[in-house]
Amino acid sequence: MLFSDYHTHPRAHRTQRYTQALLQPWVDAARKVELSDIAFTDHDRFREGVDFDEIDRLREQNPGLKIRAGIELDNDPASSAIGRKWIEQNWDRLDCVLGSVHFFDRADQMFDTVPAGAVQFEGHNIDDLYADYFRRVREIAASGLIDCLAHLDLIKIHGHRPSAEIGSIVVETLELIRARNLAVELSTAGWRKPVNELYPSDQVIELARVKGIPFTTASDAHSYAQLGDGFDRLAEKMSILGVREVCVYTNHKRETRTVA
Ligand SMILES: [Zn+2]
Ligand SMILES: [Zn+2]
């Protein structure tokens, strides 16, 4: 039974600040789908809406649920420099920081926008794009500011596949993730996207597992109705792949829990 969802966006793409009215429905939804540990991880470009005092109040009012404060740091050319600074300043109040790559060279559009972002793949050598993408992932992984990599193989979102075997493409990145003692999330969001595949793929999970890289479970919910989305299917997948542990974070300190 999966119990934790470590990638959620209470603000989605709106500009509201954190309030009890915004956050309590997430707690109620978590209870409904029997989650006992959730992390709020809005994008760092929306950091101004994150209110740690409101999260504390929410914790006081909902003592049965672990509520983690997080953020999703990406490589946005416009905002990530300020985002990194914000994470440094608020490090002690954050439980878990996700690291993501959403941008190639275009500053005005995330390549994972569906369907518009697919245009950024047109006319490009897909192998080169994969190499470029994972180089950017390693940059985030080496930043010293993250605990866990989000949607590690997001580059496949529109269905583009490299010609080389994925293992040879990700090995350097997985070695860095292990050396940095970071986790990788298993994200059901990929099942809702054109690629229709878990992030990361079975082969990447297997390679990460063999290296001893720990995993979190995540939906990347942009609405509380998506909390724990696809977790029954994920639990099945994990048992097939021999992943029997997930990790949770308290103030960046990782603990492992058995799930099967
Ligand atoms: Zn993301
Ligand atoms: Zn996200």
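Here are legends for four close-up views of this predicted model.

**View 1. A zinc ion held by three residues.** Let's start with the zinc ion (ligand 1), which is coordinated by Glu72 (OE), His102 (NE2) and His151 (NE2), at 2.1 to 2.2 Å. Along the sequence, these donor residues follow the spacing E-x29-H-x48-H. There is a second metal in the picture: the zinc ion (ligand 2) sits 3.4 Å from the zinc ion (ligand 1), and Glu72 coordinates both. Glu72 belongs to strand S3, while His151 is in the loop between strand S5 (148–149) and helix H5 (166–179), so this pair ties together parts that are 79 residues apart in sequence. Glu72 is buried, at a relative accessible area of 1%, and His151 is buried too, at 2%.

**View 2. Asn75 and its polar contacts.** Look for Asn75 in the loop between S3 and H3. With a relative accessible area of 16%, Asn75 counts as buried, because the cut-off for that word is under 20%. What does the side chain of Asn75 reach at 2.8 Å? That would be the backbone oxygen of Phe103. A polar atom of the Asn75 side chain also lies 3.0 Å from the backbone nitrogen of His102, and His102 is one of the residues coordinating the zinc ion (ligand 1). Setting aside neighbours within four places in sequence, Asn75 has other contacts as well, including Ser80, Ser100, Arg136 and Ile140.

**View 3. Helix H2 and its buried face.** Helix H2 covers residues 52–61, and its buried residues are Phe52, Glu54, Ile55 and Leu58. Seen down the axis of H2, these buried residues fall within an arc of 155°, so they line one face of the helix. What covers them? Helix H1 (20–32), strand S2 (37–40), strand S3 (66–73) and helix H3 (80–90) are among the elements that do. Now shift to the start of H2, where a side-chain oxygen of Asp51 comes to within 2.9 Å of the backbone nitrogen of Asp53.

**View 4. The sheet and the S7 edge.** Seven strands make up an open sheet with parallel pairing, in the order S1-S2-S3-S4-S5-S6-S7. Strand S1 (4–5) and strand S7 (215–218) are the edge strands, each pairing on one side only. How many bridges join strand S6 (residues 183–187) to S7? There are four, and the two strands run parallel. To find one partnership, pick out Glu185, whose bridge partner in S7 is Thr216. Helix H7 (residues 231–241) packs on the sheet here, touching S1, S6 and S7, and its direction makes about 155° with that of S7.

Notes: Residues are numbered from 1 along each chain as its sequence is written. Chains are lettered from A and ligands numbered from 1 in the order in which they are written. This is a predicted model: local features need pLDDT of at least 70, side-chain atom pairs count only at pLDDT 80 or more; totals for chains, interfaces and linings use all residues. Side-chain values use heavy atoms; hydrogens and water are left out. Buried means under 20% relative accessible area, exposed over 50%, partly exposed in between (1.4 Å probe, protein chains only). The arc is that of the directions from the helix axis to the C-beta atoms. Contact means heavy atoms within 4.5 Å. A polar contact is a pair of N or O atoms within 3.5 Å; within protein, one must be able to donate a hydrogen and the other to accept it, and residues adjacent in sequence count only if both atoms are side-chain atoms. Donors are N, O and S atoms within 2.8 Å of the metal (3.2 Å for Na, K and Ca); water is not among the atoms, so sites may look incomplete. Two strands pair if DSSP finds at least two bridges between them. Axes are lines fitted to C-alpha atoms, for helices over the stretch in contact, and angles run from 0 to 180 degrees between N-to-C directions.
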